[in-house]
Every structure is written in structure tokens, then in C-alpha cells.
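Dear colleague,

Please find below the structure that I am handing over to you. A summary of what was found in it follows.

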Amino acid sequence: MKRAFILLFTSVFVGSLIAAWLHHNRYGYRKAFLGPFDESGEVTIASLDANPDQLDEIYRSAAKMTILGSDTYDFGKMRPGESGSAIFKFRNVGTETLEVSVGSTTCKCT
């Protein structure tokens, strides 16, 4: 019984260390988007005003998407199993790579 408890405790401890390491590698190295944080972790108007060049640099270098034409399409009423498609054109007007991913539908039926 004692051996099982030690094994369980060790597994939880090692798993927590691995999770912390993965979290740090995924999120811990990123530059703050809205400028530097103070010790409390809050972004304030004062901290943004103190570093306007850094904030301007962040906004200039970010990926920015502009949609050419309409950003919505109404398929109307569709029968079950019927398919439809629409084409949306957009352009990356920023300097960073723009990553596009599939979103969700408004009706949650597809």
C-alpha cells in the first residue's frame, strides 16, 4: 500500500512538472502584445503610454487581414444532406504570416 502511494505521488509530481514545462514552452516565451506588464500582471494606460514606440512596432508588424467584398453569405433554407459553398476573398495587409483556421457556423448544424 505504501509503495502504491509513493508511486501515485511520484507520478502526479512528474506529470505536473511535465505540464508546467509544456505550458512554459507554449506560452511562456511570447512577447506581450500590449506592451510590458508591471509586477501585478496588469496592462495599464500608463504602461502603454510609457512605451508608444513598442506598441506601434507591435501593431505595424502584426498580421492584418482585410476582407475583399462581403464577409457574410446567407445560404437560405437548405434540405438535410444538401451542400453549399461560398467563396470569401481576403488579403494579408500586415508584415507577419497570417494563419487562417476554420471557424464555427451560426446555426451549429454543420
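A nonpolar patch of about 980 Å² lies on the surface of this predicted model. The residues that make the patch are Phe 5, Ile 6, Phe 9, Phe 13, Val 14, Leu 17, Ile 18, Trp 21 and Leu 22. One of them, Ile 18, belongs to helix α1, which covers residues 2-28. The relative accessible area of Ile 18 is 46%, so this residue counts as partly exposed. Patch members must have over 30% relative accessible area, and Ile 18, at 46%, satisfies that cut-off.

As to aromatic contacts, a search of the whole structure gives one aromatic pair. It is formed by Tyr 73 and Phe 75, whose ring centres are 4.7 Å apart; because their planes stand at 70°, the pair is classed as edge-to-face. The angle cut-off for that class is over 60 degrees. Phe 75 is itself partly exposed, with a relative accessible area of 39%.

Turning to the chain as a whole, the protein contains three helices and two strands. Their order from the N terminus is α-α-α-β-β. Of the 110 residues in the chain, 7% are buried. The chain exposes about 10200 Å², and 59% of this area comes from carbon and sulfur atoms. Among contacts with a separation of 6 or more, 47% are between residues 24 or more positions apart.

With kind regards

How values were computed. Residues are numbered from 1 along each chain as its sequence is written. This is a predicted model: local features need pLDDT of at least 70, side-chain atom pairs count only at pLDDT 80 or more; totals for chains, interfaces and linings use all residues. Side-chain values use heavy atoms; hydrogens and water are left out. Patches are made of residues with over 30% relative accessible area and no salt bridge: like charges are joined within 9 Å, nonpolar side chains (Val, Leu, Ile, Met, Phe, Trp, Tyr) within 5 Å. Accessible areas come from the Shrake-Rupley method with a 1.4 Å probe; for residues, only the protein chains shown count as cover. A salt bridge is a side-chain nitrogen of Lys or Arg within 4 Å of a carboxyl oxygen of Asp or Glu. Helices (H or I, at least four residues) and strands (E, at least two) are DSSP runs, numbered from the N terminus. Buried means under 20% relative accessible area, exposed over 50%, partly exposed in between (1.4 Å probe, protein chains only). Rings of Phe, Tyr and Trp (its six-membered ring) pair if their centres lie within 6.5 Å; planes under 30 degrees apart count as stacked, over 60 as edge-to-face and the rest as tilted. Contact means heavy atoms within 4.5 Å.
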